[in-house]
Amino acid sequence: MPQSYQYDVLIIGSGAAGLTVALNLPEHLKIAVISKADISSGATLWAQGGIAAVLDNEDSIENHIKDTLDAGAGLCHEDSVRFTVEHAKESIEWLIDSGVKFTRDHNAELHLTREGGHSHRRIIHAADATGHAVSTTLAEQAAARKNIQLLSNRVAVDLITNRKLALPGNRCVGAYILNLDNNHVELFRARFTVIATGGASKAYRYTTNPDGASGDGIAMAWRAGCRVANMEFNQFHPTCLYHPHAKSFLITEAVRGEGGHLLLPDGSRFMDRFDSRAELAPRDIVARAIDHEMKRLGADHLYLDISHKPADFIKHHFPTIYEKCLGFGIDITRDPIPVVPAAHYTCGGIVTDERARSDINQLYVVGEAAFTGLHGANRMASNSLLECLVYGRAAAADIARREADIPPAPEAPEWDESQVRDSDEDVVISHNWDELRHFMWDYVGIVRTTKRLQRAKHRVDLLASEIGEFYSNYRVSNDLLELRNLVTVADLIICSALQRKESRGLHYTLDYPGLLPEVKDTVLVPTTYRTLTP
């Protein structure tokens with residue numbers, strides 16, 4: 001039989017953002033942290049580069065703010081950027097106090113590297129596996145807390161709100177969660193709910209993200225009535241390892257930051273033809289340059305070469321990349337690395353404020369699922385983990401401040417499975433998944449046109465209708481839920497892209513190559529937005 005649970009705080013997602021919220025909440029609160037697979041299985045685990053923070057005397061808060069604003073192509077919210085940057089140092093100190101072991105130099109000082117878009121060395125890192133160090137350490141800390149329950153192999157289905165329960169007010173009171181171990185949907189009631197589910201890059205054929213990055217939180221919050229903003233800005237990481245067996249393995253920006261060269265198949269460099277900063281240009285410029293050269297030459301991939309650096313330097317700074325590539329027969333101390341751009345980061349998301357609050361009362365959104373205004377039209381390298389920490393701590397502080405005044409969640413009905421049956425047509429899900437990711441890559445990728453976007457919109461509407469019918473008649477599964485959510489976020493990406501009649505940051509369209517004089521966000525509002533998405 002399906003279970004029913006009640007908590008003070010329900011956190012959906014177990015990456016850096018979700019665990020930061022959990023660990024900064026008062027220990028008298030009963031907290032549940034939901035994870036699709038293992039607790040440390042999200043995108044945080046795979047983050048290689050590091051966390052941006054002003055920790056060097058030659059750097060400054062104003063420098064970090066300026067670099068972020070420049071990378072964001074005019075769309076960053078300066079108040080959000082300043083808030084994030086000014087709280088960076090204390091967030092790093094909290095991680096260190098929590099036991100994260102960052103790389104230090106021979107003087108035992110924190111080693112700072114540099115990445116694209118940054119004017120100074122300000123990236124604190126744990127070799128080239130920062131995300132792994134952060135994720136595993138925070139998971140260990142959470143497991144040791146008696147008030148935190150870590151629940152793996154569970155997938156969120158939908159949020160529960162007062163409106164769905166026909167009650168007055170605009171409050172989130174929990175969520176329905178599919179338990180993958182028994183295939184039953186469970187009822188989780190909570191006084192506060194936090195979405196920390198990551199981005200939506202699995203909407204694309206090639207991505208650096210883990211399988212769970214299917215936009216679940218964004219889709220659920222949208223269906224519940226939250227606004228989304230700037231979904232057209234999906235960042236493509238310039239350098240994903242190109243190898244038939246290297247699934248979703250990115251080559252960190254720090255390789256270029258430490259002197260790596262991008263090369264054409266003939267061994268010549270090309271980035272200086274696209275930007276004076278060459279390999280240190282922001283990611284959108286580098287990704288478009290690689291995409292341009294690949295199409296011009298008809299090449300499947302290009303190369304990133306750091307073999308001109310001493311072998312010991314490479315092995316010390318990039319041990320994970322060195323070992324991974326070596327496993328595929330590529331010795332990066334001697335050979336260039338074959339690379340291709342891949343969908344990497346969702347810059348838009350659910351609209352939130354400085355306390356991570358959404359449009360629905362007691363619903364918070366943190367991390368990649370949120371739109372805080374920090375990233376603008378292009379996320380600058382290593383600001384993402386920083387955003388998770390700063391806004392995760394802000395959300396926890398706001399919940400702690402308010403929790404004494406928020407009553408328990410009201411009663412809610414258990415999930416009704418009486419009118420559905422098991423599917424005998426799973427091939428439909430698999431086929432639609434492939435179709436969606438292919439046309440998103442072909443029509444809504446690094447370079448766009450209005451005609452391509454219109455074709456994508458036509459296809460996503462057909463898929464939405466088909467999946468809506470499937471969802472209504474069959475028992476839910478992880479694959480069906482992820483596909484349903486991916487169709488929703490794909491629709492949001494396409495419609496946002498169609499609304500922006502200019503090329504700015506990560507959104508580049510051949511039909512509108514210039515910038516508009518007016519700088520504004522693309523905000524979609526559920527109540528005024530007509531969509532076939534289920």
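**Entry 1: the residue after α2.** I began at the end of helix α2, where A73, just after the helix, takes a positive phi of about 55°. I note here that the model is predicted.

**Entry 2: helix α2.** I then went back into the helix itself, which runs over residues 61-71. I looked up which of its residues are buried and found H64, I65, D67, T68 and A71. Viewed down the axis of α2, these buried residues fall within an arc of 165°, so they line one face of the helix. I recalled the general rule for the pattern: an α-helix has 3.6 residues a turn, so residues three or four places apart point the same way. Next I checked what lies over the buried residues of α2, and the cover includes β3 (51-52), α3 (78-86) and α11 (384-402).

**Entry 3: D398 in α11.** Since α11 had come up as cover for α2, I picked a residue from it. D398 lies in helix α11. Its relative accessibility is 3%, under the 20% cut-off, so D398 counts as buried. I listed its contacts, leaving aside neighbours within four places in sequence, and got R355, R357 and Y364. I also took the C-alpha separation from D398 to E482: the two are 84 residues apart along the chain, and the distance is 30 Å.

**Entry 4: the loop between β15 and β16.** Two of the contacts of D398 are R355 and R357, so I turned to A356 because I wanted its backbone and its burial. A356 lies in the loop between β15 (349-351) and β16 (363-365). Its phi is near 70°, a positive value in a residue other than glycine. Is A356 buried or exposed? A356 is buried, with a relative accessible area of 0%.

I found another positive phi in this loop, at Q362, which also sits between β15 and β16. The phi of Q362 is near 65°, and Q362 is likewise a residue other than glycine. With a relative accessible area of 8%, Q362 is buried.

**Entry 5: helix α6.** I looked at α6, residues 216-224, for its burial. The helix is mostly covered, with eight of its nine residues buried. I wrote the buried ones down as D216, G217, I218, A219, M220, A221, W222 and A224. Just after α6 comes G225, whose phi is positive at about 120°.

**Entry 6: the whole chain.** I finished with the totals. I counted 14 helices and 18 strands in the chain. The radius of gyration is 22 Å, close to the 24 Å that the globule rule gives for 534 residues, so the chain is as compact as a globular protein of that length. Along the principal axes, the C-alpha trace spans about 65 × 55 × 50 Å.

How much of the chain counts as buried? The figure is 60% of the 534 residues. For the surface, I noted that the chain exposes about 20600 Å², and that carbon and sulfur atoms supply 48% of this area. I also looked at how far apart in sequence the contacting residues are. Among contacts between residues at least 6 apart in sequence, 74% join residues at least 24 apart. Last, I checked the charges. The chain has 56 positive and 70 negative charges, and the mean positions of the two sets are 3 Å apart.

Technical notes
Residues are numbered from 1 along each chain as its sequence is written. This is a predicted model: local features need pLDDT of at least 70, side-chain atom pairs count only at pLDDT 80 or more; totals for chains, interfaces and linings use all residues. Side-chain values use heavy atoms; hydrogens and water are left out. Buried means under 20% relative accessible area, exposed over 50%, partly exposed in between (1.4 Å probe, protein chains only). Helices (H or I, at least four residues) and strands (E, at least two) are DSSP runs, numbered from the N terminus. The arc is that of the directions from the helix axis to the C-beta atoms. Contact means heavy atoms within 4.5 Å. The radius of gyration is taken over C-alpha atoms; the globule rule is 2.2 Å times the number of residues to the power 0.38. Accessible areas come from the Shrake-Rupley method with a 1.4 Å probe; for residues, only the protein chains shown count as cover. Lys and Arg count as positive and Asp and Glu as negative; His and the chain ends are not counted. The place of a charge is taken as NZ of Lys, CZ of Arg, CG of Asp or CD of Glu.
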